[in-house]
Every structure is written in C-alpha cells, then in structure tokens.
Amino acid sequence: TIGRIIAVKLVDFSDAAEVLEKHKGFWLEHDLSGIPEHMTEKIGWLKDSELVKDTEIDIFKVHSNFINLLKNAQEVKGVSSIYVPEYASLFQELISKNVDVQLILSKEVLEKLDEATLDQLITKSKQNFNIYVMNKNLKAAITVTDYFLSIGLFRMDGTYDYSNDLISYSKEAIAWGNKFFEYHVKLSEIIIL
C-alpha cells in the first residue's frame with residue numbers, strides 16, 4: 001500500500017517535471033501568482049500541452065489560433081483579467097449557436113464592456129450565458145472548452161503576454177481547466193442578467 005502511494009506521487013512528480021522542463025521559458029518568464037497553489041500541485045496534468053507563439057512573420061498567430069479553436073467549441077468557460085474588444089462579438093456568435101458560455105471577469109474588464117454589448121449578449125442568450133465578476137485582478141487568462149484548454153499569463157513586469165499561449169487537448173488538461181474555473185466561481189459573484 002505504501003509503495004502504491006509512493007509510486008503515484010513519483011508519477012505526479014515526473015509529470016510536473018516534464019511539463020516544467022518542456023516549456024521552461026514559458027514558466028520562468030511569467031508571473032504564476034494567478035495559478036492557485038492547489039492547482040500548481042496538479043501542474044503535471046498539463047504535460048501534453050504545446051506552446052503556440054507569435055512569429056516575426058505571423059504576429060497574430062496566437063490570437064488567430066485561439067479564435068479558430070473557440071469557433072468549434074460547444075462549451076466555453078473563461079476566467080480573465082484582460083479585455084479584447086473582438087471577443088464580445090465572438091461570444092455573441094457562440095451564444096447565438098447555443099454554445100454554453102460562462103465567463104468570470106475582473107471588475108475592470110466588466111466595466112470595459114459597454115451596456116450595448118452586454119445587452120446584445122443577453123439578447124442573444126437562450127439561458128446559455130452566465131457572467132461572473134471577481135474582485136481580484138487575476139494574473140491569468142484561462143479558457144477551457146469541451147475539447148481544449150488555453151492558458152495565457154502575465155509577464156513579470158505586469159503586462160499580459162499576447163504572444164504566447166499554452167494549449168492542450170488532453171482530458172487531464174481539460175479537467176485541470178475545469179477545476180481552475182470552479183475554484184474561481186466560488187470566489188466570484190454572478191451578474192444577474
């Protein structure tokens with residue numbers, strides 16, 4: 001019994017070491033304070049992830065990839081402290097296709113959404129849209145869907161890094177993203193639409 005417990009812990013350690021080594025630069029160059037400690041303990045669940053990076057020729061590679069992935073989702077859960085104007089129309093499109101969308105936004109991001117945008121999101125929703133607000137300014141932008149997980153982080157200087165996105169399609173990574181989302185739902189308040 002003790003041997004089984006040790007073996008499980010060694011596998012966890014090995015998976016964590018693998019994901020940290022595979023994307024060493026990503027983890028070293030970013031502020032990890034947006035990832036709760038209990039989630040860093042499960043960082044090995046991200047071992048099958050890949051890093052999507054902008055290039056000198058394709059400076060919107062990360063953004064385009066993320067948009068294309070979202071367009072094929074049937075369920076979207078997002079936790080974010082960043083505002084990208086284009087996302088409001090994308091979420092309107094997803095909601096009109098009956099995609100379940102749940103967003104946890106920082107107070108500052110929610111304030112950036114004008115009333116007209118919120119009204120359009122509400123109008124298009126058929127009970128498949130929830131929006132929550134959290135008081136703390138999270139240092140991450142995490143999106144989990146029915147088939148992928150996306151992790152974007154802030155640099156050490158406090159600016160969001162639009163040029164790097166950690167993506168995974170594995171069941172473990174999606175489970176990690178769902179746990180991340182559920183943890184932040186408990187720290188947030190739902191906005192009654």
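## Exercises on a predicted model

Val101, when its neighbours within four places in sequence are set aside, is in contact (heavy atoms within 4.5 Å) with Val76, Phe91, Leu94, Ile95, Asn128, Phe129 and Asn130. This is a predicted model, in which local features need pLDDT of at least 70, side-chain atom pairs count only at pLDDT 80 or more, and totals for chains, interfaces and linings use all residues. Residues are numbered from 1 along each chain as its sequence is written, and side-chain values use heavy atoms, with hydrogens and water left out.

**Exercise 1.** Find which residues have the most contacts inside the largest nonpolar core.

*Solution.* Begin with the term: such a core is a set of buried Ala, Val, Leu, Ile, Met, Phe, Trp, Tyr and Cys residues joined through side-chain atoms within 4.5 Å, where buried means under 20% relative accessible area (1.4 Å probe, protein chains only). The largest one has 31 residues, and Val76, Phe91, Val101 and Ile131 have the most contacts inside it. A second, separate core of 25 residues includes Leu138 and Leu166.

**Exercise 2.** Determine where the buried residues of helix H4 (residues 61-71) lie around its axis.

*Solution.* Helices here are DSSP runs of H or I with at least four residues, and strands are runs of E with at least two, numbered from the N terminus. List first the buried residues of H4, which are Val62, Phe66, Ile67, Leu69 and Leu70. Because they cover an arc of only 165° around the axis, taken from the directions from the helix axis to the C-beta atoms, they are on the same side of H4.

Definitions and conventions
Buried means under 20% relative accessible area, exposed over 50%, partly exposed in between (1.4 Å probe, protein chains only).
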